[in-house]
Amino acid sequence: MRLTEMASQETIDLTELPVVIGRDPSADIDLNDPTLPPFQCMIDEQTDGVAVLWNLRNEFPLYVNGSRVTKAVLADSDILTIGQNRFVFSCEEVDTGFKYLGSACRKSAALAVAH
């Protein structure tokens with residue numbers, strides 16, 4: 001799985017879950033965005049292996065495809081708006097064992113730890 005920042009086209013490979021996103025340097029993905037709380041959201045997996053986005057601070061809006069969410073199952077090509085940042089979510093394999101199956105990403109093997 002990966003996130004691609006829409007403005008810069010910079011990619012972030014998601015090789016280990018969960019991934020916490022925010023503006024704190026200790027967040028897994030540290031966004032330099034003063035409109036974000038230290039820890040805004042998390043991408044994790046459900047017990048069935050489907051990738052899910054969780055809003056950790058509901059007073060700070062989080063959007064998937066333009067709709068405000070507190071929790072969303074992620075599908076290939078979803079657009080995530082996190083503060084002033086927009087990302088395209090991809091189920092493309094990044095040596096993590098995730099595969100695109102239908103509308104959501106489902107884990108098919110153990111996650112590789114690669115940083």
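Here is a walk through this structure, going from its sheets to its core and then to a few charged residues. Keep in mind that what you're looking at is a predicted model.

Let's start with the strands. Six of them make an open sheet, and if you step across it you meet β2, β1, β11, β10, β7 and β8 in that order, with antiparallel pairing. The edges belong to β2 (11-13) and β8 (67-68); each has a single partner strand, so one side of each has no neighbour in the sheet.

Now zoom in on the stretch of this sheet around β10. Strand β7, residues 62-64, runs antiparallel to strand β10, residues 79-82, and three bridges link the pair. You can find L62 opposite I82 of β10, while Y63 sits opposite T81, also in β10. Next, β10 pairs with strand β11 (residues 85-90), again in the antiparallel sense, this time over four bridges. Here L80 faces F87 of β11. These two strands, β10 and β11, form a hairpin with two residues between them, and that's where G83 takes a positive phi near 60°.

There's another open sheet to look at, this one with five strands. Its order is β4-β3-β5-β6-β9, and the pairing is mixed. At its edges stand β4 and β9, each with a single partner strand, so each has one side left without a neighbour in the sheet. Within this sheet, β3 and β5 are an antiparallel pair joined over three bridges. If you want a landmark there, look for V19, which stands opposite I43 in β5.

What about the inside? In soluble globular proteins, nonpolar side chains tend to be buried together. In this model, the largest nonpolar core has 23 residues, and the ones with the most contacts inside it are L3, I21, L80, I82 and F89. The elements giving two or more residues to this core are β3 (19-22), β5 (41-45), β6 (51-55), β7, β10 and β11. We've already met L80 as the residue opposite F87, and I82 as the one opposite L62.

Charged residues are worth a stop too. How many salt bridges are there? The count comes to two. One joins D13 to R2, with the closest N and O atoms 2.8 Å apart. D13 lies in strand β2 and R2 in strand β1 (residues 2-5), so this pair ties together parts that are 11 residues apart in sequence. The partners aren't equally covered: D13 is partly exposed, with 36% relative accessibility, whereas R2 is buried at 14%. A salt bridge also links R57 and E59, and there the closest N and O atoms are 2.5 Å apart. R57 has 32% relative accessibility and counts as partly exposed, while E59, at 52%, counts as exposed.

Next comes D78, in the loop between β9 (71-73) and β10. This residue is buried but has no salt bridge; R86, the nearest side chain of opposite charge, is 11 Å away. A salt bridge needs the nitrogen and oxygen within 4 Å. So what does the side chain of D78 reach? It gets to the backbone nitrogen of A75, at 2.8 Å. If you skip its neighbours within four places in sequence, D78 is in contact with V64, N65, V73, F87, V88 and F89. F89 is a name you've seen before, as one of the residues with the most contacts inside the largest nonpolar core.

Our last stop is another aspartate, D33, found in the loop between β4 (29-30) and β5. Is D33 buried or exposed? At 3% relative accessibility, D33 counts as buried. The side chain of D33 makes a polar contact with the side chain of N85, at 2.9 Å. Leaving out neighbours within four places in sequence, the residues in contact with D33 are R23, I82, G83, Q84 and N85. One of these, G83, is the residue with the positive phi in the hairpin of β10 and β11. D33 can also be placed relative to G22: the two are 11 residues apart in sequence, and their C-alpha atoms are 8.2 Å apart in space.

Technical notes: Residues are numbered from 1 along each chain as its sequence is written. This is a predicted model: local features need pLDDT of at least 70, side-chain atom pairs count only at pLDDT 80 or more; totals for chains, interfaces and linings use all residues. Side-chain values use heavy atoms; hydrogens and water are left out. Two strands pair if DSSP finds at least two bridges between them. A nonpolar core is a set of buried Ala, Val, Leu, Ile, Met, Phe, Trp, Tyr and Cys residues joined through side-chain atoms within 4.5 Å. Buried means under 20% relative accessible area, exposed over 50%, partly exposed in between (1.4 Å probe, protein chains only). Lys and Arg count as positive and Asp and Glu as negative; His and the chain ends are not counted. A polar contact is a pair of N or O atoms within 3.5 Å; within protein, one must be able to donate a hydrogen and the other to accept it, and residues adjacent in sequence count only if both atoms are side-chain atoms. Contact means heavy atoms within 4.5 Å.
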